[in-house]
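This report looks at a protein model with a bound ligand, moving from single residues to the ligand shell and then to the nonpolar core.

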Amino acid sequence: MTDAKLSHLKLSFPEADESSLLELLISCDGSLPTAESILFESFPNAKRRKINNHSKQSNSGVAKSSNTTNVNKPVYLYSKEDIETTVPYSTIHYDFLPKELADSLLETLIKDKKGFQPQEFYLFGNKCVSNHMSKVYGSSTSDELYYNGKKYKSRDRYSDSMKMTQLLIEDQVNKELKERPSLPFQSDIPWRGDLAVSNRFNSKSNNLDWHSDRMTYIGPHCVIASFTIGATRDFRIRKQYNDPNSKFNTMYAIPLPHNTLFIMHAGFQEEYKHCIPATTEFTPHEISGTIRMNLTYRHYLPKFQENLPMCSRCGNQMDLRRSFKDPKTRGRYIWVCTGGYLGKECNGFHYADFTKKCLYTDDVEECSRWISREDKEALQCFRESLMNK
Ligand SMILES: O=C(O)CCC(=O)C(=O)O
Ligand SMILES: [Fe+2]
């Protein structure tokens, strides 16, 4: 079924690459009309084609099918044990804060409406605006800061309850870091949650699309602590790339109730994408009703903030990414020009080299690379390349 929908999109939008179309289809929960309406905004001249009978949608917008690929249906994970064994780069803590602190944090955050803005991003070169609202908070307001390529000159300071939450989360993260094996590019300075991005989902139709968090300022093998308060919504996860043993990757859903800390440990951003889908089913909270708030505490690393490569072609900042599409090169860290996000066409590129102060190299042999030990396919390619040398 998914193949039929993908073929339909490929015929209508030949300019878009296949993996982006598949990604969009998945983020629209397999709904072909929804994916098409988004694409028509980006490609207004594309031909409108009739949807084949075999890929028709039901009234609810969800395909009725005998789908065995799992592309639309997530596997639910409900217990700490299931989550931490299924998603190896994560830990979860339900009822993390004392109840009074969690409730007062929620009360403060829902009252603070000032400064929340939709996030802007580019899809196939067109500017899109998210339908949830975000705001950046910091424990110091002194220096300039970038988040998602945007400069924040001033930001609100943490409230007392946010500061208290920061300290408790820092203790928990640093305790876990001592117990877990460290990954090769992980920073060895104690983790701090000096900066937090707050996401506000007012209603069940507010969502956050599939993405992995940008590593540009927080470095490779970063740790991000995500704290949820208010209504319970699903957090979905899937791998960045397809496992050759199953045509489409399993998608997991983790319902995150009020007062839950989900720690995305080193390797999570490299290997997984995540999203908060729009939903029909969710559990409101007694204080906030339909509103769900989330705070992601992040550790901005001076090494990255101070030495970020600038694009030699257009002068824009570069963004740190990791290649994952081709198993032969999967795991290489690269710097790509952010001009593309701003609607400008620039293909500025460097390989990342974290051993150098400038953080980049143009020699592929020096490129910093990490392959997950679960990634049998890329490990096999790597072994073969060593044997052929
Ligand atoms: O709201 C959430 O649980 C996730 C937030 C998130 O993914 C982000 O801010 O990047
Ligand atoms: Fe995220």
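A residue counts as buried when its relative accessible area is under 20%, as exposed when that area is over 50%, and as partly exposed in between. The model discussed here is predicted. By that cut-off histidine 221, at 2% relative accessibility, is buried. Histidine 221 sits in the loop between E9 and E10, and its phi is near 50 degrees, a positive value in a residue other than glycine.

A second residue with a positive phi is aspartate 95, where the angle is likewise near 50 degrees although the residue is not glycine. Aspartate 95 belongs to the loop between strand E2 (90-93) and helix H5 (99-111), and because the threshold for exposure is over 50%, its relative accessibility of 62% makes it exposed.

The ligand shell

Ligand 1 has around it Asn199, Phe201, Leu208, His211, Asp213, Phe235, His274, Ile276, Arg292, Asn294, Thr296 and Arg298. Sorted by character, the residues of this shell comprise four nonpolar, five polar and three charged. Polar side-chain atoms of several shell residues approach oxygen atoms of the ligand, as the table sets out for three of them.

| Residue | Partner | Distance |
|---|---|---|
| Histidine 211, side-chain N or O atom | oxygen atom of ligand 1 | 3.1 Å |
| Aspartate 213, polar side-chain atom | oxygen atom of ligand 1 | 3.1 Å |
| Histidine 274, polar side-chain atom | oxygen atom of ligand 1 | 3.0 Å |

Taken alone, ligand 1 would expose 300 Å², and the protein buries 98% of that area. The elements giving two or more residues to the shell are strand E8 (195-201), strand E9 (208-211), strand E14 (272-276) and strand E15 (292-298), and of the elements around the ligand it is E15 that gives the most, with four residues.

The nonpolar core

Phe235, which is part of the ligand shell, is also among the residues with the most contacts inside the largest nonpolar core, a set of 42 residues in which Ile237, Ile254, Phe262, Phe268, Leu320 and Trp335 are the others listed for their contacts. At least two residues of this core come from each of E8, strand E11 (233-239), strand E12 (252-256), strand E13 (260-264), E14, strand E16 (318-322) and strand E17 (333-337). Because domain 2 (75-303) and domain 3 (308-388) both give residues to the core, the core lies between them.

Further residues

Glutamate 271 is placed in helix H7 (residues 268-271). With a relative accessible area of 0%, glutamate 271 falls under the 20% limit and is therefore buried, and its side chain makes a polar contact of 3.2 Å with the side chain of arginine 322.

Alanine 225, in strand E10 (residues 224-230), is also buried, at 0% relative accessibility. Its C-alpha atom is separated by 11 Å from that of leucine 195, the two residues being 30 residues apart along the chain.

Where does serine 7 stand on the scale of accessibility, buried, exposed or partly exposed? Serine 7, found in helix H1 (residues 2-12), has a relative accessible area of 37% and is therefore partly exposed, since that value lies between the limits of 20% and 50%. Between the C-alpha atoms of serine 7 and serine 187, which are 180 residues apart along the chain, the separation is 43 Å.

Definitions and conventions:
Residues are numbered from 1 along each chain as its sequence is written. Chains are lettered from A and ligands numbered from 1 in the order in which they are written. This is a predicted model: local features need pLDDT of at least 70, side-chain atom pairs count only at pLDDT 80 or more; totals for chains, interfaces and linings use all residues. Side-chain values use heavy atoms; hydrogens and water are left out. A residue is near a molecule or strand if one of its heavy atoms lies within 4 Å of it. A polar contact is a pair of N or O atoms within 3.5 Å; within protein, one must be able to donate a hydrogen and the other to accept it, and residues adjacent in sequence count only if both atoms are side-chain atoms. Accessible areas come from the Shrake-Rupley method with a 1.4 Å probe; for residues, only the protein chains shown count as cover. Ala, Val, Leu, Ile, Met, Phe, Trp, Tyr, Cys and Pro count as nonpolar, Asp, Glu, Lys and Arg as charged, and the others, Gly among them, as polar. A nonpolar core is a set of buried Ala, Val, Leu, Ile, Met, Phe, Trp, Tyr and Cys residues joined through side-chain atoms within 4.5 Å. Buried means under 20% relative accessible area, exposed over 50%, partly exposed in between (1.4 Å probe, protein chains only). Domain bounds come from an automatic or database domain assignment.
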